[in-house]
Amino acid sequence: MLADSVGSGRCRGRKRSAAAVGGLDSGGRGRSSTPAAQTRRKVPEPGEDDDQSEKKFRKCEKSGCPAMYPMCFASASERCARNGYTSRWYHLSCGEHFCNECFDHYYRSHKDGYETFSSWKRVWTSNGKSEPSLKAFMADQELPYWVQCTKADCGKWRQLSKDTHLSAALASSYCCGMKLSSSKVEGSDACSQPEDLRVAGVTDSWWLSMLILPPLFKDSPATPFLSCYYPDCVGMSPSASPSNHPPGNQRPEQRRAAQPHSESRSVGRSQPGLSSSTLMIRLLTEVDLIQTLQANQGFFTQWSVLKRKHPKYTFKSNVVVLEARERIGGRVWDDASLGVTVGCGAQIVNGCVNNPIALMCEQLGLRMHTLGVRCELIQEGGRVTDTALDKRMDFHFNAVLDAVSEWRKDKSQSQDAPLGGEMHVMRNQESRSTNLYTVQVSACSWDHNECFAQFSGDHTLLADGYSSVLHKLAQELDIRLNTAVQHVDYSGEGVTVTSRCGSRWSAQKVLVTVPLALLQKNIIGFSPPLPDRKLKAIHSLGAGVIEKVALQFPTRFWDSKIQGADYFGHIPPCPEKRGLFSVFYDMCPQGDECVLMTVVTGEALSLLRDLQDSQVVDLCMSVLRELFQEQEVPDPLRFLVTRWSRDPWAQMSYSFVKTGGSGEAYDIIAEDVQGKLFFAGEATNRHFPQTVTGAYLSGVREASKIAAL
């Protein structure tokens, strides 16, 4: 089972003081679009003092920036350095800089541009969440746009003047040499003029890493669909995305009401292909983004579950899938025996905005039930916990986590400790005991993926289960069920795979997607053995387990107390029972079915180890009767108990970083071996581990790598 993790998707940058803004390392961009203008410099007069010569020009001080002679794109100040000397160049990208004189023009309160900057800041802060720095202002308001020639035999990128606004109409009709005041093309050989040298640099791998600010869309076609989010947290400029109601002040139902109907959720132009008429960004990186999005559009169009052009034909490859089970899906397994679909494994999509799983569900017309935020916490004895107390405890819990975060700042991997034990120390100020907690989650790296942007938006429960998506994706694939792989030999030019029954397959490339626990226990042999670096990473991660119990009742006895909430919580009477039936989900909150599903996690799993399924149900019923003492709780009609820890082809539910490990292990496990063995699955996705989305994206990642080879 893949236990989908929750991410807020909001910006996390710290506020800087006003005094600090002036000291930030920013950048600028040239005014001319010709290569000659990029290198033209004044030649020092013979005999001119060397010190004076050096002072004529100054290179960008941003480490790694190749700009030896930056040019200021702003030209805002009368004293603008243009392509000459300034006391400091501010870096936005490797091809876009502005001078210190133009910085002062907007930043200093006695300068003419200060009010312009201040007015922009008021709009930015009223709509957005990120810091309204002067660099953000320059990138958002002063950078000239780039536009691509629409002639089929040209396609060169040209830089517009600073005062020219790029519109969809202009981008869709622009040709080199166009006189913008009349839309006429001046000169027949305009397309023969060379492209700005900076454009070629954009496609280099280091370009994006040198950006100071993320590119933000102007007049994005997605704006009406994302109006309930902070624009700069979903890739849009706050200055171009006014909002009367900041999302932080809206209730979930208000945010959902603001969303357009799902049938209308298509973003982009009606005609095929993506160009700058779809995406308008001031940064030069627009060139790279457009090329990337064009490639992605083609890729996902071919992969679309509606288009029926299957990836095996796209890549012109013969693909065979070897599956050990009698079914597909692995840790995704749905059961409908209780009258509703219960995901024995994963069933929730956490964060639907831009989530490919949510997109496929929309394409297939699958029901996605949005989970509300209300959750009553009930103590044994039937008492509902006061909301104010719940909030105080939540604040206290996060304060303890903050204390752990402070503790780990100067700790190395060898000084790591179990998260549970460290939280106990921070809470009670007691001495550490390494044996206190058996779940060895790393205190230093438990939240390693939170430094990456996570999917935002509503969390939804797939009413029809994940299997509906998987079976659609599996159509037309050659899948061999009940075929357990025993050995993989990659010592020759190709790879030979041998099953337990003795069957063999030869291939140029092999993609391994078995769960982490099976790799740790050497269920599959490799010849030669996997590299030590990969083996160390495999064993540095933990294999966690979540078990589920689903119960079907004759009546919805919980309705009067829960009042339509999607789930309710159980507060255990003692620490030893923490994680035992901690939350109960109503699998059909708006319908007539009477099914509750609950989970067992962490150290509470040991309480179930020696129990039969019927005994587990009895234990669960004793908890429910404690929570609803004021009424009669009927016996269940039918039940379902999972046993992922005993499943021979899973033996786990999710991966996590063990004490002494780090998030880098996910990247190492994902590394291919000799260009012949490739690895995918949630335990290979550092950004989105523990999730179906992470597993799916890892498969797309590896398919792209294999296709490229």
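## Packing of H13 and H14

In this predicted model, helix H13 (residues 387-408) packs against helix H14 (residues 419-428) at an angle of about 105 degrees. The two axes are 9 Å apart. Angles from 65 to 115 degrees count as roughly perpendicular, so H13 is roughly perpendicular to H14.

On the H13 side, the contact is made by His396, Phe397, Val400, Leu401, Ala403, Val404 and Trp407. H14 contributes Leu419, Glu422, Met423, Met426 and Arg427. Sorted by type, the residues of this contact are nine nonpolar, one polar and two charged.

## Helix H6 and the nonpolar cores

Helix H6 (residues 134-142) is mostly covered, with eight of its nine residues buried. The buried ones are Leu134, Lys135, Ala136, Phe137, Met138, Ala139, Asp140 and Glu142.

Leu134 and Met138 also appear in the largest nonpolar core, which has 40 residues. Together with Cys72, Leu92 and Phe98, they touch the most other members of that core. Several elements each supply at least two residues to this core: strands E2 (89-93) and E3 (96-99), and helices H4 (100-107), H5 (114-127), H6, H8 (197-202) and H10 (286-303). H6 gives the most, with five residues. Another core, of 32 residues, lies apart from this one; among its members are Ala417, Tyr585, Tyr654 and Phe656.

## The three-stranded sheet

Strands of a sheet pair through backbone hydrogen bonds, either parallel or antiparallel. One open sheet here has three strands in the order E11-E14-E12, and the pairing is antiparallel. Strand E11 (348-350) and strand E12 (368-370) are the edge strands, each pairing on one side only. From one strand to the next, the twist averages 30 degrees.

E11 is joined to strand E14 (residues 459-462) by three bridges, in the antiparallel sense. Within this pair, Ile348 has Leu461 of E14 as its bridge partner.

## The four-stranded sheet

Another open sheet has four strands, in the order E18-E17-E16-E20, and its pairing is mixed. Strand E18 (504-507) and strand E20 (525-527) are at the edges; each has a single partner strand, so one side of each is left without a neighbour in the sheet. The twist in this sheet averages 15 degrees from one strand to the next.

Strand E16 (residues 485-489) and strand E17 (residues 495-499) run antiparallel and are joined by four bridges. Asp489 stands opposite Thr496 in E17.

Definitions and conventions
Residues numbered from 1 in each chain as written. Predicted model: local features only at pLDDT ≥ 70, side-chain atom pairs only at ≥ 80, totals over all residues. Heavy atoms only, no water. Axes fitted to C-alpha atoms, helices over the stretch in contact; angles between N-to-C directions. Parallel < 35°, antiparallel > 145°, perpendicular 65-115°, else oblique. Contact = heavy atoms within 4.5 Å. Nonpolar A, V, L, I, M, F, W, Y, C, P; charged D, E, K, R; others polar. Pairing = 2+ DSSP bridges. Buried < 20%, exposed > 50% of the residue type's maximum accessible area, 1.4 Å probe, protein only. Core = buried A, V, L, I, M, F, W, Y, C linked by side-chain atoms within 4.5 Å.
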